[in-house]
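User: Hi! Could you walk me through this structure? I have some quick questions.

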Amino acid sequence: MDKRRQRRRWERWWITLWLSFLLCFVERISTQIRYSIPEEVKEGSVVGNIAKDLGLDVSTLADRRFRIVSGPKDDLFQVNQNNGVLYIHKKVDREEICDGNDVCLINLKIAVENPLEIHYIGVEITDVNDHAPSFAEKHFHLEVAENKSPGARLDLQPARDPDVGTNSIRSYKLSQNEHFSLELRDGDEDRLPTLVLQKYLDRERALTHELLLTAIDGGNPPKSGTLNITITVLDTNDNQPVCSQDMYSISLQENVSVGATVMKVNATDPDDGINGEIEYSWGRNTQNKIKDIFEVNHITGEITVKKEIDFEDSQIYRLNIQASDKGQPPLTVICRVTIRILDVNDNEPEIEVTSILTVVPEDSKPGTVISLISVTDKDSGMNGKVVCSLSKDVPFELKPSVEENMYSLITKGSLDRERVSQYNILLTATDLGQPPLSSVKTLSVQVSDVNDNTPEFPRNPLELYLTENNSPGASIFSVSASDQDLYENAAINYQIIRGDARQNDMTSFLNINPETGVIHALKSFDFESVKWFQFHVLATDSGSPALSSNVSVKVFILDQNDNAPVILSPVSANGSAEGLEEVPRNVNAGHLVTKVRAYDADIGYNGWLLFSLQEVSDHSLFGLERYTGQIRTLRPFTETDEAQHKLLVLVKDNGNVSLSATATVLIKVVEPKEAFAASDVPNAVKDEEDSDVTFYLTITLGSVSVLFVLSVIVLIVMQCSKSTHYSSKDLQDTNYDGTLCHSIQYRSGDKRYMLVGPRMSIGSTIVPGSNGNTLVVPDRRSRASGEVGAGYSSSFLLC
């Protein structure tokens, strides 16, 4: 030990010598003069005569501004310009200026002017033993257990001395005692004092031990500092705490409330006092996750719930509870706790849908896969078993997969987009827990269109009532069909089904707009030529393949008042409506003089003729039947009456705009004998004329009969094709006031033939004694709902 200390001293001496040599060499290079003074000298003490040492003229120092231009900031030194002496201006404390440095050197820069000179002066401050060693604390406490083994070392805090070199701390000394000795250990810079236990302590003999540690420096005279050490002997904690159970185990439901007590850990210690007092804490290596969920009471050992527990996160927790006594040093034991978490039904099923088809064609076959559905439940056991169901009345069903809780949503029936275009399917997943939990998800399935619907007309057949004399090229009707499909499947084109170009085929005179269905007539129709006709319209959609349907359109031509009455009698030889009638003078009142006959090609009110006297020579003598055209005497002739009278008869129809014709009747009053003779003279001529008239009348009657039979056949066919709501009741509703009278009279001797038009009026006059056979044919043309038809009857009267 002594040799090692001696070798360290020689090493330090050589290091100091080399450092001094180097410093001297550096100063010679950087300074010209170097002074050395001890610290703590009085203010005003002379350091050295700079002027003398530099060889400067003392008398010129003031003029040359002899001064210190660089040095310590606190102006420790100053120069006297009168004698060139460097002296101490303030007290110099080496420890304050150069604390911790072995060599304390202050460099000064001296300047003189005229000429300018710079001189470097070095002042070394040497240390003096002006500080005694001191400890950070005056009193130091240590606690040592009575069972501490001899040889145990107790580190003490070292003393501090600001002085350096030989004036620093050189040794320590411990007061005399039987239990501890002092040992010095080398530190980084200082030697560290350490107490070494020499033998066991006995707390029953001495509770404390008082020691005094003295630190001594190497000054002359030496200085010292002391530290009072109090050592307290501690009782031995020689009994370890014991847990009441080797392993604690408990089951806990996951929905336990926060703050609830889980269980209590109990440990005992037979030691007395604080050595027997137990504190509980988490054992080493306890996971932070467990510390976040559970909490341990340090005093009672109760384990409480700190945070919500989730079975799905962890099903078992293993806790290490450390039971420690308060002995010195404390003894510990680990109590092991196992907490098993019981699942409760607290998680709703989760539904995941993978869509394969977002749009399903309506002609999809049953079994078409729409979506794949996966259902999961974080719970376990029966709480995790899930049953799925769909909303009712949807053509879909769930098909279970081989894998559990996997389903396929498939079609189970036919789809009809026209009935339901979108399905919002309610998918419900319910677990089997108590109480059960469920979740719902809505699946939206769009049904796309296919061309599966034909165009439809609102009615079939369609009826059109068209007034004759329509404008050629104008629209007369429009048809419209609807298609329940969408887009191109519902785009409809119209066309007229053309006939085989027969004589009565009217389709060649019709044209239809293929997009709008508006029908145009290319010609003007005449009621007197065509009473009605029928054609078919075909409606075709644009789907693939295209679907079509047709509708029958029945066109009924309505009569217009476009024909003026035609006078049939009287007619003169040159064709004018003028005739001469001879009347015996002895006739009585009411005698039929003659009858004006007229015809109108129109029907209904347009063909209903009325007769009136436009001009008459004597209003009191002749009268005209309004509806029949018969001219009769109103009174007997007198001697004063003129022999010849002229009557102008006006015949007009009942159209909205009436059309008319006139006939002139000349009446000659003759004596009875003359009248008879006149009738015999022209008898031969009249027989010939009657023969011609009979021929023409026969042809006319034959033609009318053929037309009548054809009309009856057509009307019967139409009546059979009508729907049930076109009944005879509709015909009974038609009632016309007045007569629609067309009459033709022909004279052939004593025979008279009269062709009467559609119907005789109540007020019509029939020639007395005439034998008539009447054939009445009702018009069976029905009316459309809401339309007033022009129903009529025809009659032929043979007199």
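Analyst: Happy to, and we can start with the overall make-up before going to the details.

User: What should I know about the model and its numbering first?
Analyst: This is a predicted model, so to speak of its rules: local features need pLDDT of at least 70, side-chain atom pairs count only at pLDDT 80 or more, and totals for chains, interfaces and linings use all residues. Residues are numbered from 1 along each chain as its sequence is written, and side-chain values use heavy atoms, with hydrogens and water left out.

User: How many helices and strands are in the chain?
Analyst: The chain has seven helices and 51 strands. Both are DSSP runs numbered from the N terminus: helices are H or I with at least four residues, strands are E with at least two.

User: And how much of the chain is buried?
Analyst: Of its 799 residues, 39% count as buried. Buried means under 20% relative accessible area, exposed is over 50%, and partly exposed is in between, using a 1.4 Å probe and protein chains only.

User: What about the accessible surface?
Analyst: It comes to about 45400 Å², and 50% of that belongs to carbon and sulfur atoms. The areas come from the Shrake-Rupley method with a 1.4 Å probe; for residues, only the protein chains shown count as cover.

User: What share of the contacts joins residues at least 24 apart?
Analyst: 65%, taken among contacts between residues at least 6 apart in sequence. A contact here is heavy atoms within 4.5 Å.

User: Let's do sheets. What is the strand order in the open sheet that has strand 1 in it?
Analyst: That four-strand sheet runs 1-7-6-3, with mixed pairing. Two strands pair if DSSP finds at least two bridges between them.

User: Which strands stand at the edges?
Analyst: Strand 1 (33–38) and strand 3 (67–70) do; each has a single partner strand, so one side of each is left without a neighbour in the sheet. The twist averages 35° from one strand to the next, where axes are lines fitted to C-alpha atoms (for helices over the stretch in contact) and angles run from 0 to 180 degrees between N-to-C directions.

User: In which sense do strand 1 and strand 7 pair?
Analyst: Parallel, over six bridges, with strand 7 covering residues 117–126. I37 has I125 of strand 7 as its bridge partner.

User: Is there another four-strand sheet, and what is its order?
Analyst: There is an open sheet with the order 25-31-30-27, also of mixed pairing. Strand 25 (359–361) and strand 27 (386–390) are its edge strands, each pairing on one side only. Its twist averages 30° from one strand to the next. Strand 27 runs antiparallel to strand 30 (residues 422–431), joined by five bridges, and V387 is partnered with T430 there.

User: Where does strand 37 fit in?
Analyst: Strand 37 (residues 532–541) runs antiparallel to strand 34 (residues 492–497), with six bridges joining them; Y494 stands opposite A539. Strand 37 also pairs with strand 38 (residues 548–558) in the antiparallel sense over nine bridges, and a hairpin through six residues joins strand 37 to strand 38.

User: Switching topic: which cysteines form a disulfide?
Analyst: C243 and C335, with their sulfur atoms 1.8 Å apart; the rule is a pair of cysteine sulfur atoms within 2.5 Å. C243 lies in strand 15 (residues 242–243) and C335 in strand 23 (residues 332–342), so the pair ties together parts that are 92 residues apart in sequence. The torsion about the S-S bond is about -90°, so the disulfide is left-handed. Both C243 and C335 are buried.

User: Nice. Where are the cis peptide bonds you'd point out?
Analyst: One joins N114 and P115, with omega about -5°. Another runs from N460 to P461, with omega near 5°. P115 sits in the loop between strand 6 (104–112) and strand 7.

User: What does the side chain of R64 reach?
Analyst: The backbone oxygen of P115, at 2.9 Å. That is a polar contact: a pair of N or O atoms within 3.5 Å where, within protein, one must be able to donate a hydrogen and the other to accept it, and residues adjacent in sequence count only if both atoms are side-chain atoms. R64 counts as buried at 15% relative accessibility.
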